[in-house]
Amino acid sequence: MSAESLLAFNLVLMAAIASPGAALLYFIKTCVSDGRKAGIATGIGLGLAASLWTLAALLGLEGLFRLFPWAYTTLKIAGALYLIWIAVQTWRAARAPISLSARGSGHAFWSGLLVNAGNPKSMLFAAAVIVVVFPQGLAGPEIALIVANHLVLEIAFYSLFALLLSSAPARRRYLNAKPLLDRITAGILGALGLRLLLER
């Protein structure tokens, strides 16, 4: 494995993290509604799940899903239902006042972990990138380095973003637009969940 391969992986990974999707939308909402600590904890959960999907891809879980399609289908349905559940809760709470003590860091971490763990597309994306970027037959230490690198990159990104989003001006702007933003977020998360549920 070369330094160029790792750099290419990091560039693609940063683009994927920053692209609008279920993980980023959920993270943004958590930061501005529940504060910096909950945002960072959510980011750690999201990053851990995503890096575990990278580990799974490196270890060949994609091949296992080909052998046992029911395992992929089960995981996809569970992930879709979880996203839909989050969408419903977000929609219902759109007009509710915000309380910073509503969710602790532990709850935020597990919620972030479940958002990305329930999305097997994260693994399929990792598998596609890994096939293109890295050579076959990676050694154990190389696999560990790639997974650790992925985790550190995700945590750094989400921690920095949490600091920016949980500032007083960002929070004020969010509170003013909360009903609309929460319903937009709920709609997108629900649509993603339905798409996962209905696609073949």
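These legends accompany four close-up views of a predicted model.

**View 1. The largest nonpolar core, drawn from many helices.** Welcome to the interior: the largest nonpolar core has 37 residues. Those with the most contacts inside this core are F9, F27, F134 and Y158. At least two core residues come from each of α1 (3–18), α2 (22–34), α3 (36–58), α5 (69–92), α7 (121–133), α8 (140–165) and α9 (168–198). As general background, nonpolar side chains in soluble globular proteins tend to be buried together.

**View 2. Y158 and its contacts.** Here we zoom in on Y158, one of the core residues with the most contacts inside the core. Setting aside neighbours within four places in sequence, Y158 touches I17, A23, L24, F27, G43 and L46. F27 is also listed with Y158 among the core residues with the most contacts.

**View 3. An aromatic cluster with a tilted pair.** F27, F157, Y158 and F161 make up one aromatic cluster. Across the whole structure, a search finds 5 aromatic pairs. For F157 and F161, the ring centres are 5.6 Å apart and the planes meet at 55°, so this pair is tilted. Both residues belong to helix α8, and because they are 4 residues apart there, about one helical turn separates them. F157 is buried, at 18% relative accessible area, whereas F161 has 25% relative accessibility and therefore counts as partly exposed.

**View 4. A charge over a ring: R183 and W91.** Our last stop shows the charged end of R183 sitting over the ring of W91. The distance from that charged end to the ring centre is 5.0 Å.

Terms used. Residues are numbered from 1 along each chain as its sequence is written. This is a predicted model: local features need pLDDT of at least 70, side-chain atom pairs count only at pLDDT 80 or more; totals for chains, interfaces and linings use all residues. Side-chain values use heavy atoms; hydrogens and water are left out. A nonpolar core is a set of buried Ala, Val, Leu, Ile, Met, Phe, Trp, Tyr and Cys residues joined through side-chain atoms within 4.5 Å. Buried means under 20% relative accessible area, exposed over 50%, partly exposed in between (1.4 Å probe, protein chains only). Contact means heavy atoms within 4.5 Å. Rings of Phe, Tyr and Trp (its six-membered ring) pair if their centres lie within 6.5 Å; planes under 30 degrees apart count as stacked, over 60 as edge-to-face and the rest as tilted. A charge sits over a ring if NZ of Lys or CZ of Arg is within 6 Å of the ring centre and within 35 degrees of the ring normal.
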